[in-house]
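Okay, thanks for coming, everyone. I'll put the model up and then talk you through it a piece at a time.

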Amino acid sequence: MTTLTKPEDAPAAGASDAFLSVRDLHVRFATEDGVVKAVDGLSFDLERGTTLGIVGESGSGKSVTNLSILGLHNPLSTTIEGEIVLDGKELITATEPELEKLRGNKMAMIFQDALTALSPYHSVGRQIGEPFRKHTGASKREARERAIEMLEKVGIPHAKRRVDDYPHQFSGGMRQRAMIAMSLVCNPDLLIADEPTTALDVTVQAQILDLLKDLQQEFGSAIIMITHDLGVVANMADDLLVMYAGRAVERGTVREVLKTPQHPYTWGLLASMPRLTADVDEPLTPIAGAPPSLLNPPSGCPFHPRCAFRNEVEGADRCVDIRPELPTGRGAACHLTSDQKSRIFTETIRPRLG
Amino acid sequence: MLRFILRRTFGAVLILLLISAFTFFMYYAIPQDPATLACGKNCTPDALAIIHKNLGLDDPIPVQYWKFLSGLFAGRDFAVGHCPAPCFGVSFRDQQMVWDTIMDRFPLTLSLTIGGLLVFLIVGLGTGLIAARYRGTWLDKTFSSISLVLSSMQIYFLGPVVLGIFVYSTGWLDKPKYVPFSENPAQWFMGLLIPWIVMSVIFTANYTRMSRSTMIEQLQEEHVRAARAKGMTGRYVFFRYAWRGSLIPILTILGMDLSALLGGAVVTEFTFGLAGIGRLAVDSVVGKDLPKLMGVMLFSAAFILLLNVIVDALYAVIDPRVRLS
C-alpha cells in the first residue's frame, strides 16, 4: 500500500452506542511466508434484533472477523488491533476468563459444517447441555432437560429419545439443527452464523433459515450471517456488508445493495449468479482474475487489478495509489463518482443481470 | 459385545492353529535329525534309536502334530513324566517341560513390560501433551528435539553406557537382576530399574512424538474450536475434546508395542543378562528345539491376538462411531 488514508469510518472510536460495534479492525497472521493481512480496517455496527449479512469470496476476511469477535484466533500468531465493543464491553482487551463467560452465553456461533463442529465422542444432548451448565450453573439433569427442550425447539422429532444419540446417528439437517440448538441454548444476544446452510440441500437450507428467523423473533438476537450465497442474504439480512481482501467495499441495506449496487466487485458478484430466467446454455460470468494474496495485497483499491471500470476513474492511477474510503452508512469504497456508478450500473450491469 | 468376543476368540484359535501347523511342518523341513542334537558327542546308533523313540520321532509327522495338538488340551505322557494340559511337550535339549520353562521365564518378561509400560506411558504421553499444549515454545522445542535424539537411540548402545555410569563407575546401583516380586518387592524394583528406564527411553520418545502430533492434529479440529466457542475452558476442551480423539492412534501403537514386549524383549534381556521369554525364543531357535519353539511362538502369538481383541474393544469405548459387529 503506497498511500494509506485514514480509517474508513467516520465515527470516533467508541463513539457508537450500537449493540455490537466494530471499529477499524485489523487482523494479521504471522505465517512462514510473511504477514497475512486478513482483515484490514473494518468497521460496522449491529443492532439487537437485526441481521447483518457479510458476503465475499473465500479469503475475504469474513470468517476471521467473526473469530476475532469471539476471540478464537490463535493468540501466538495473530495480532488484532482496533475495537470490538459488545453491549459496552470491549472484547479485544478482554481476558480469556472474561471471554469464556461471554462465549456461548452472550455471543454464540453456528459453524458451517455440523459434522466437524460437533464432537463425535460426546452425545448431542451433552454437547448442547454443556454450555448451559457452565453459564447457568445448572445440574446435569437440568442441562439434559434443557437440551431436550432445545432439540424440540429446533424441530428434532422424538427429542427425548434422540438426546442421547451421537452426532453420527443424526442426518445432516438434524446435525445442523442440533448445532443451532447448541449455540442458542443460553439465548445469546449475538449469534454469528458462518455459512450455516452451505453444507445442506436446498429444502433443508430453507427450513434452517426459517428456523433462525423464528428464533431471532423470539429472542431478539442480533445475527451476523456470513455467506457467499446472495440468495441467503436476500432472504435473511437487513443490512449487507460486502467484503473484499479483508476490507468492506460496500455497505447498505440488503435492498439497496442488491437493487442498486455501487461497487464494481458487487456488480461482479451479482453478475456471476445464475439466473432462473436465463437460457440454460448461457455461461455464468465470473469475475476476471483471482482473489489477491493477502500477504501482499494490491496498493490503493485492492480490487483494481480485476476492475473493468478502472479507466473511467478521473486522474491517472488513482485506483492504484489511493485507497478509496467507504462512507458511513450507504456507500461503496470506489473512486468512481456517484454519477458514473449509477450510469455504469444502469447502462452496462443491469441488462446483464436480466 | 458378547458376539464380538466369541467371534474374535474363535478367529484367534483358528490363527493359533495355523501358526502351530506352519511352524511344525516347517521345522521338519530343516535337514537335520533333532535326535542327534539331543544325543550329544558320543552317540551310538542304539542311543539314537532310544532318543528317537522317547521324543516320538518315529511317528509320521502328521501323527506327531496330532499328538502335539491333543497334548495341548488333554496332556501327554513322556519318558520324563506326565505333562499336564496345556502340554507344549518336552524340550529336545534339556528334557524340561516346555510349559514349565515358559512359566518360569514369564514373570521376568511381565515385570519388564509392566514397569517399562508405566514409565513410557506416563512420561511419553505426558511430555507429548505438554509439548502440544505449548506448541512452538522453547518447552515444545526442547521436548521435541530430545525425543528425536532418543528415539534414534539403541538399547544395546544406551544399556552399556548406563550400566557403565551407574553400576561400574559409581556403584550407585547394582547390576540388573531379577528377584521375584513375591520374594522381595524392593529388590525386584531395584534390580529392574535400569532395564525399565533404558528400555522405556526409546518407547518414551516415540510416545512423546506421537502424543504431540496427534494432539496438535486434534486441537485443530473444528469441534475443538466449536467447544471453545461455547465458552468451555481451554483445559476442559483440551482433555475432553482433543485428547479423546488422540487416544485412538496411540492405542493402536500401544497394542502393538505391548504384544511385542510380552512376547519377549530380546535386546533388553541380552543387554542386561536377564532370562525372559525373549532369550528363551532365541535359545529355542538356535538350539533347533521344536517343542520350545512351538511353546514360545504360540505363547507370544496368543498375546498378540488377545491384545488385538482388547484394543478393538477399547476403540468402541473411546469412539461411539465404532460398532463391534
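So, A:Leu102 counts as buried because it has 23 C-beta neighbours inside 10 Å; the rule here is that buried takes 20 or more other C-beta atoms within 10 Å of a residue's own, exposed takes 12 or fewer, and partly exposed is in between, with C-beta atoms placed from the backbone. A:Leu102 belongs to helix H2 of chain A, residues 96-102. Helices and strands are DSSP runs, H or I over at least four residues for a helix and E over at least two for a strand, numbered from the N terminus. Between A:Leu102 and A:His135 there are 8.7 Å in space, C-alpha to C-alpha, and 33 residues in sequence.

Before I go on, this is a predicted model, where local features need pLDDT of at least 70 and side-chain atom pairs count only at pLDDT 80 or more, while totals for chains, interfaces and linings use all residues. Residues are numbered from 1 along each chain as its sequence is written, and chains are lettered from A and ligands numbered from 1 in the order in which they are written.

Next, strand S2 of chain A, residues 34-46, which includes A:Gly34. A:Gly34 is exposed, since it has just 12 other C-beta atoms within 10 Å. A:Ala38 is in strand S2 too, but A:Ala38 is buried, because 24 C-beta neighbours fall inside 10 Å. What does A:Ala38 touch, leaving aside neighbours within four places in sequence? The list is A:Val27, A:Arg28, A:Phe29, A:Gly61, A:Val64, A:Gly246 and A:Leu294, where contact means C-beta atoms, placed from the backbone, within 7 Å. A:Ser119, on the other hand, sits 28 Å from A:Ala38, C-alpha to C-alpha, at 81 residues along the sequence.

Now the core. The largest nonpolar core has 107 residues, and those with the most contacts inside it are A:Leu151, A:Ala178, A:Ala181, A:Met225, A:Val242 and A:Val249. By nonpolar core I mean a set of buried Ala, Val, Leu, Ile, Met, Phe, Trp, Tyr and Cys residues joined through C-beta atoms within 7 Å. Helix H7 of chain A, residues 172-184, supplies the largest share of this core, 7 residues. Apart from this core lies another, of 26 residues, among them B:Leu125, B:Phe203, B:Leu258 and B:Leu261.

Let me stay with A:Val249 for a second. Not counting residues up to four places away in sequence, A:Val249 touches A:Val242, A:Met243, A:Tyr244, A:His263, A:Tyr265, A:Phe303, A:Leu326, A:Ala332 and A:Ala333. From A:Val249 back to A:Gly34 is 25 Å, C-alpha to C-alpha, with their places 215 residues apart in sequence.

A backbone oddity: A:Ala245 has a phi near 50°, a positive value in a residue other than glycine. A:Ala245 lies in the loop from strand S9 (239-244) to strand S10 (247-253) of chain A. Buried or exposed, then, is A:Ala245? Buried, because 24 other C-beta atoms are within 10 Å. Chain B has a positive phi as well, near 60°, at B:Gln95. That residue, B:Gln95, is in the loop between strand S2 (81-83) and helix H5 (98-133) of chain B. B:Gln95 is partly exposed, as 14 other C-beta atoms lie within 10 Å.

On to chain B as a whole. Chain B has 13 helices and 2 strands, and its C-alpha atoms fill a box of roughly 85 × 60 × 35 Å, taken along the principal axes. Of the 325 residues in chain B, 34% are buried. Among chain B contacts between residues at least 6 apart in sequence, 64% join residues at least 24 apart.

And last, where the chains meet. The contact takes 25 residues from chain A and 19 residues from chain B. On the side of chain B that touches chain A, the elements giving two or more residues are helix H9 (222-229) and helix H10 (234-262) of chain B. H9(B) gives the most to that side, with 7 residues. By class, the side of chain B that touches chain A has 8 charged, 6 nonpolar and 5 polar residues; Ala, Val, Leu, Ile, Met, Phe, Trp, Tyr, Cys and Pro count as nonpolar, Asp, Glu, Lys and Arg as charged, and the others, Gly among them, as polar.

Methods: Contact = placed C-beta atoms within 7 Å.
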